[in-house]
Amino acid sequence: MPKIQSVQSVIPPKNIFEIQNESKQVEQSFGTYLKEAIAQVDQMQKVSDFKTGQLITGQNVDLHNVMIEAQKANIALSATLEIRNKVVEAYQEISRMPL
């Protein structure tokens, strides 16, 4: 039967600078992800506004396409607001924790 090694011997120790560097990379990737997600929601809103403008001015655009784009934008914005609310709620919960 093979001998089981301890976890500490398998995982190399890290110094504080490596941990801080990894933390910054995670923050940057989360920030980048958040910016991209907000940009996508903004783009959906712009497409919806453009299609609505085309419909109002009498251009050749199908009503169902306008409604689909408007619903996509509405759902994306609603989901974004719910995520924001959950993040704020989590932040408030953490800030209430005793140190």
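Which side chain meets that of Glu-69 in a salt bridge? I wrote this down as my opening entry, and I found that the partner is Lys-72, with 3.8 Å from N to O. Before going further I noted that the model I am reading is a predicted one.

**Entry: the chain as a whole**

I looked up the overall make-up and found 3 helices and 0 strands in the protein chain, with the elements running α-α-α from the N terminus on. The protein chain has 99 residues, and I noted that 8% of them count as buried. For the surface I recorded about 9,000 Å² exposed by the protein chain, of which carbon and sulfur atoms supply 62%.

**Entry: Glu-69 and Lys-72**

I then returned to the pair I had started with, and placed both residues in helix H3, which covers residues 63–95. Because Glu-69 and Lys-72 are 3 residues apart in that helix, about one helical turn separates them. What I wanted next was how each of the two sits with respect to the surface. Glu-69 has a relative accessible area of 19% and therefore counts as buried, the cut-off for that word being under 20%. Lys-72, at 44% relative accessibility, counts as partly exposed, so I wrote the bridge down as one that joins a buried residue to a partly exposed one.

I also asked which residues Glu-69 touches once those up to four places away in sequence are not counted. The answer I copied down was Val-47, Ser-48 and Lys-51.

**Entry: Ser-48, from the other side**

Since Ser-48 is among the residues that Glu-69 touches, I looked it up in turn, and found its place in helix H2. Is Ser-48 buried or exposed? Its relative accessibility is 7%, so Ser-48 counts as buried. Leaving aside the neighbours within four places in sequence, I found Ser-48 in contact with Glu-69, Ala-70 and Ala-73, and thus the contact with Glu-69 appears in this list as well.

**Entry: Thr-52 and Met-67**

Staying with helix H2, I looked up Thr-52, which is found there and, at 29% relative accessibility, counts as partly exposed. I set Thr-52 beside Met-67, and noted that the two are 15 residues apart in sequence, while their C-alpha atoms are 8.5 Å apart in space.

**Entry: the other salt bridges**

How many salt bridges does the count come to? I found 3, and having dealt with the one between Glu-69 and Lys-72, I went on to the others.

In one of them the side chains of Asp-42 and Lys-46 meet, with 3.3 Å from N to O. Both residues lie in helix H2, which spans residues 16–56, and they stand 4 residues apart, which is about one turn of the helix. Asp-42 counts as partly exposed because its relative accessibility is 36%, and Lys-46, at 48%, counts as partly exposed too.

Another is formed by Arg-96 with Glu-93, where the closest N and O atoms are 3.3 Å apart. With a relative accessibility of 56%, Arg-96 counts as exposed, because that word applies to values over 50%. Glu-93, with a relative accessible area of 45%, is partly exposed.

**Entry: the nonpolar patch**

Which residues form a nonpolar patch on the surface? I listed Phe-30, Tyr-33, Leu-34 and Ile-38, which together have about 450 Å² of accessible area. I followed one of them, Leu-34, more closely: its place is in helix H2, and its relative accessible area of 40% makes it partly exposed.

**Entry: the largest pocket**

My last search was for empty space, and I recorded about 350 Å³ in the largest pocket. The lining of this pocket consists of 14 residues, of which Leu-34, Ala-37, Ile-38, Thr-80 and Ile-83 lie nearest its centre. Leu-34 and Ile-38, which I had already entered as members of the nonpolar patch, thus turn up again beside the centre of the pocket.

Which helix gives the most to the lining of the largest pocket? I found that H2 does, with 8 residues, and that H2 and H3 each supply at least two residues of the lining.

Key: Residues are numbered from 1 along each chain as its sequence is written. This is a predicted model: local features need pLDDT of at least 70, side-chain atom pairs count only at pLDDT 80 or more; totals for chains, interfaces and linings use all residues. Side-chain values use heavy atoms; hydrogens and water are left out. A salt bridge is a side-chain nitrogen of Lys or Arg within 4 Å of a carboxyl oxygen of Asp or Glu. Buried means under 20% relative accessible area, exposed over 50%, partly exposed in between (1.4 Å probe, protein chains only). Patches are made of residues with over 30% relative accessible area and no salt bridge: like charges are joined within 9 Å, nonpolar side chains (Val, Leu, Ile, Met, Phe, Trp, Tyr) within 5 Å. Accessible areas come from the Shrake-Rupley method with a 1.4 Å probe; for residues, only the protein chains shown count as cover. Contact means heavy atoms within 4.5 Å. On a 1 Å grid over the protein atoms alone, a cavity is a set of points where a 1.4 Å probe fits but cannot get out, and a pocket is an open set with protein on both sides within 12 Å along at least five of seven lines; lining residues have an atom within 4 Å of a point. Grid points are joined across faces, edges and corners, and a volume is the space filled by probe spheres set on the points.
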